[in-house]
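Dear colleague,

Please find below the structure that I agreed to pass on to you. My notes on a sheet and on the cavities follow it.

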Amino acid sequence: MQQPLPSKVPVLIAGGGPVGLTLSALLAREGIDHLVVEADDGYCSGSRAICMSRRSQEILGWVGADAPLVAKGLSWTGGRSHWRDTEVLHFEMPSEPTQRFAPMVNIQQFYVEEFAHRAAQALGAHARVQWASRVVAVRPQAHGVQVDVQTPEGFHTVQAGYVVACDGGRSTVREQLGLQLEGTQYDGKYVIVDVVQKTRRAVERLAWFDPPSNPGSTILMHRQPDDVWRIDYQIRDDEDPAEAVKPDNVLPRVQSHLAMIGETEPWEPLWISIYNAKCLTLPSYRHGRVFFAGDAAHLVPIFGVRGLNSGLDDAGNMAWKLARVLRGESPDALLDSYSTERLHATRENIAYGAKSTEFMAPPNFAYRLMREATLRLAVSDPQVRSLINPRQSAPIAYVGSPLNAHDKGEWTSDRAAPGAPAPEAQLKGDEGVSHLSQHFGHGFVCLAFGGEAPALDDLGVRSLALAPERDHLGQAWQRYGLSQPQARALVLVRPDGYVMGRWHGLDPAPLRLALKHTGVLA
């Protein structure tokens, strides 16, 4: 039996999936007490979301959950696409030996939930998860939110300062507030199957269009830990989804494809589900003291793996802002920027996701015709092959964010413009080789190039001097837009690893003004 629910909490998180549990760990890292309410009695079953981006690995690294994820997961950098039995694309994502994380790691969603939950528990007594319980009523008030929770022991009312809805595509919180997702839902459906089978095949994204094993279908395959294959295949428009997921219909199609690609080891199914692509979002992610994150806020197609990864970015954006407001360090208005920034990111993700979906699951005859023409041409014309590239998930720059300081002066690169994710760089010092991203995720950081770092402790900003000898490969000064290694500049990086502003010279006065004028300081 679990302990009785508290009557009052600063934050209540509805939903203990990967987004809710990651937000929990991030809030625990900030020292914020909170309650997670999860309907299931433990971590999810089945692979579900399996591809973790480099950005998501960084976010989990802020709470120490990156090490078990990388150790368990299968890293990959590229993939192959086939038309019938001919390879028409071999792509590689940007990667280099000096980077901290691989572009992608395959790992089942339940492991992500476990590692995030363990990280929260290791950070003190700030986090509590109420399993086998569900939010059933939400009543927003001027200075908080009343939440009714159904537990195995009965109903309880919790007074929360803020509620963050991470309760998925069928969000009860969203329903309670009378809100609806807007956008497009596609008809094409994919059966999702996990099977156990030993293989020596390389870890990469594999795709087949109209393969001999399943004519007319599209098939995706990913290796996962524990000798698990994740297989997604498209069903015909006239197939009954309820019939399509029955083992008698699934297993022969899986066997046909495994045999076609030469995977002959014994295998057995673990999990079967079905999916159809959606490009949906709420028009705002803030409603008073109720916020929405992950699938409760937006549903994006699986193609390009933007779903869970964008949800973890929601958590990374929300946690530091909520913590600052609860500690009285920032005004409540700072929380408005969460919706502004993450809604912009969702619209970018939906635009990419819609293009991928129209290729992976053509919505009509015209799209199918164009796809077949592209695949036919790709056999012999390398210039056409880029049209097949699935455009994997990447962090979105917050263009036009109210938190961006105005970029003044000339810079040689826009990679670190205000609103952009702070570029990675390998560093070298007395402690050996490290990475710049290891300094992010724990409050504001001022990067000082070309001289002594200013003291900004009174603002709660840590300073990090990046002398040329520390930036031993020259990655930092080039990627942050400096003209030479000795150039002097300050770059302010937000707690979520995004650039807030950059200034030539080492005078901290413009940085101080930026924190005040953007509304970060109370």
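For the classes used below, Ala, Val, Leu, Ile, Met, Phe, Trp, Tyr, Cys and Pro count as nonpolar, Asp, Glu, Lys and Arg as charged, and the others, Gly among them, as polar. Please bear in mind that this is a predicted model.

By this classification, the lining of the largest cavity has 3 nonpolar, 6 polar and 4 charged residues. That cavity has a volume of about 90 Å³, and of its 13 lining residues, Ser-310, Asp-313, Ser-393, Ala-394 and Pro-395 are the closest to the centre. Two or more lining residues come from each of helix 2, helix 8 (307–326) and helix 9 (336–360), with helix 8 giving the most, 3 residues.

In total, the model holds 3 cavities of 30 Å³ or more. The second largest has a volume of about 60 Å³, and its lining includes Leu-26, Arg-29, Trp-62, Trp-320 and Pro-495. Helix 8 again supplies the largest share of this lining, 3 residues, and helix 1 (18–29) also gives two or more. By class, the lining divides into 5 nonpolar, 2 polar and 2 charged residues.

As for the sheet, 3 strands form an open, antiparallel arrangement in the order 3-7-4. Strand 3 (51–53) and strand 4 (74–76) lie at the edges, each pairing on one side only. The twist from one strand to the next averages 30 degrees. Helix 2 (residues 54–61) packs on the sheet and touches strand 3 and strand 7; its direction makes about 75 degrees with that of strand 3. Strand 7 (residues 104–106) is joined to strand 4 by 3 bridges, and Ser-75 has Val-105 as its bridge partner.

With kind regards

Technical notes:
Residues are numbered from 1 along each chain as its sequence is written. This is a predicted model: local features need pLDDT of at least 70, side-chain atom pairs count only at pLDDT 80 or more; totals for chains, interfaces and linings use all residues. Side-chain values use heavy atoms; hydrogens and water are left out. Two strands pair if DSSP finds at least two bridges between them. Helices (H or I, at least four residues) and strands (E, at least two) are DSSP runs, numbered from the N terminus. Axes are lines fitted to C-alpha atoms, for helices over the stretch in contact, and angles run from 0 to 180 degrees between N-to-C directions. Contact means heavy atoms within 4.5 Å. On a 1 Å grid over the protein atoms alone, a cavity is a set of points where a 1.4 Å probe fits but cannot get out, and a pocket is an open set with protein on both sides within 12 Å along at least five of seven lines; lining residues have an atom within 4 Å of a point. Grid points are joined across faces, edges and corners, and a volume is the space filled by probe spheres set on the points.
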